[in-house]
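The exercises below ask for a careful look at charged pairs, ring pairs and the surroundings of one serine. Each task is followed by a worked solution that goes step by step.

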Amino acid sequence: MKIEQLYTGCLAQGAYYIESEGEVAIIDPLREIQQYLDKAKANNSKIKYILETHFHADFVSGHVDLAKETGATIVFGPGATTEYDIHTATDGEELKLGNVTIKVLHTPGHTLESVTYLLIDENGKDHAIFSGDTLFLGDVGRPDLAIKSDLTKEDLAAMLFDSLRNKIMPLADDVIVYPAHGAGSACGKNLSKETVGVLGEQKKTNYALRADMTKAEFVKEVLDGIAPPPQYFAKNAMMNKMGYDAFDTVLKTGNVPLSPEAFEAMANHESALVLDVRTQADFIKSHIPNSIFIGLNGGFAPWVGALIKDIKQPIVLVVPEGKSKEAVTRLSRVGYDNTLGYLEGGLDAWKKAGKDIETLDSISAEEFADRAKANQLNVLDVRKDGEYQSTHLEGVQHFSLDLINENMNQVDKDKTYYVHCAGGYRSVIAASILKARGFDKLVDIAGGFGAIKNTDLKMTNFVCPSTL
């Protein structure tokens, strides 16, 4: 028996490769499937099952493409309906994989069709659970994504309580827990940075698994402090349910080199969004007018999903040398399949063609502190609510970056704003969006709050984020 976790940091997502006696099951695969095909081929094995723990909302799964390529059976939990062929499992059903058994445990709550897959080894011992978004390390899945007219988030939370108590907690303490996500995912509130654990430790430390917890207490605690889901979640869930264009097609149409003239025509006449995925330092130094920055070196795909409202938006890319395929791939992971190409030769080619460029003002935290002491400045903090509430500069304006489109009316085009986040990535995203909307009096604070707190500027008293 072989188990391998294939973890993708940008999405904080874990897919799994399970093999026994030449038969393979893939759990919650990513959109690009070649890695799974290569592994099976290298091991002279055949992919038999594609096991989905639920209809994912935070990424587009590769199940449809993988089934077409391999003939493997796609398995979903009870009640799942799709536009393509699947096997809808029943609660307690056992799937044979070589010498091991995978038992389907129906665990509704995060979504109605959510399942946990229990892996039973060749000796009949419960070995591990692949818990999807039902159980994370340190947390449980949010129960507010599958709300219907006759079903509230409180109803789903109550279902999740029962699923955890009746299906997962009775399992032995030494059962390994392989969750679908780790820290950084918006599918829960306070996920651990660890990506593999054991059930006994979760019973001791996970707030949602307290032995003396009532259902009412669980419902209250699991719903407390959940931020609204990112806007792309419902769209990704629908793609996973209805099907999608083949990834190879998306890559072929998106990974296309464009001359400066063709690139400019796409932006002007095809209403394509110019998305700059280089580093924030490169964007600050020079960028195409009205381009939006979301760098590959940060939480790229989730920020694209949170900020670009139209999932069918035509996109043209400004990429670092050799990174066009990566950019198109990572966009497709969250369903942004309408990339039209990338600027061949990058900004150097753009400049040589005589095209206009712009820069973004950026100053050090020390210089910002000097200016703040001499004059009253307008400061915009775009960190998340919890970061801001924990500690912030006194007298600043705040809204979280993911809500910038809804809060743009709070910013005055006639005023100069000094923009910061925690480390400098999100502030440049925010500044690029504001600049593209005609706000041209913006100054980025390099290093963000991490650098600002080393100055002697006055801040609010620190509150531990875990208490918020």
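**Exercise 1.** Which side chain meets that of Lys 355 in a salt bridge?

Before the solution, note that this is a predicted model, in which local features need pLDDT of at least 70 and side-chain atom pairs count only at pLDDT 80 or more, while totals for chains, interfaces and linings use all residues. Residues are numbered from 1 along each chain as its sequence is written, and side-chain values use heavy atoms, with hydrogens and water left out.

Step 1. The partner is Glu 264, at 2.6 Å from N to O, where a salt bridge is a side-chain nitrogen of Lys or Arg within 4 Å of a carboxyl oxygen of Asp or Glu.

Step 2. This pair links distant parts of the chain, 91 residues apart, since Lys 355 is in the loop between helix 12 (346-352) and strand 18 (361-363), whereas Glu 264 is in helix 8 (residues 260-269). Helices (H or I, at least four residues) and strands (E, at least two) are DSSP runs, numbered from the N terminus.

Step 3. Lys 355 counts as buried because its relative accessibility is 18%, while Glu 264, at 28%, counts as partly exposed; buried means under 20% relative accessible area, exposed over 50%, and partly exposed in between (1.4 Å probe, protein chains only).

**Exercise 2.** Place the salt bridge of Arg 330 and Glu 326 in the chain, and then look at another salt bridge, that of Asp 144.

Step 1. Arg 330 and Glu 326 meet at 2.7 Å, N to O, and both belong to helix 11 (residues 324-332), where they are four residues apart, about one turn of the helix.

Step 2. Arg 330 is buried because its relative accessible area is 9%, whereas Glu 326, with 27%, is partly exposed.

Step 3. Asp 144 has Arg 142 as its salt-bridge partner, with the closest N and O atoms 2.7 Å apart. Asp 144 counts as buried at 15% relative accessibility, and Arg 142 counts as buried at 5%.

Step 4. The structure holds 22 salt bridges in total.

**Exercise 3.** How are the rings of Phe 368 and Tyr 418 arranged?

Step 1. The structure holds ten aromatic pairs, where rings of Phe, Tyr and Trp (its six-membered ring) pair if their centres lie within 6.5 Å, and planes under 30 degrees apart count as stacked, over 60 as edge-to-face and the rest as tilted.

Step 2. The centres of Phe 368 and Tyr 418 are 5.8 Å apart and their planes stand at 45°, so this pair is tilted.

Step 3. Phe 368 lies in helix 13 (residues 365-374) and Tyr 418 in strand 21 (residues 417-420), so the pair ties together parts that are 50 residues apart in sequence. Both Phe 368 and Tyr 418 are buried.

Step 4. Elsewhere, ring pairs join Tyr 16, Phe 130 and Tyr 178 into a cluster.

**Exercise 4.** Describe the surroundings of Ser 45, starting from its place in the chain.

Step 1. Ser 45 sits in the loop between helix 1 (34-42) and strand 4 (46-51), and at 14% relative accessibility it counts as buried.

Step 2. The Ser 45 side chain makes a polar contact with the side chain of Glu 19 at 3.2 Å, and the Ser 45 side chain also reaches the backbone oxygen of Asn 43 at 3.2 Å. A polar contact is a pair of N or O atoms within 3.5 Å; within protein, one must be able to donate a hydrogen and the other to accept it, and residues adjacent in sequence count only if both atoms are side-chain atoms.
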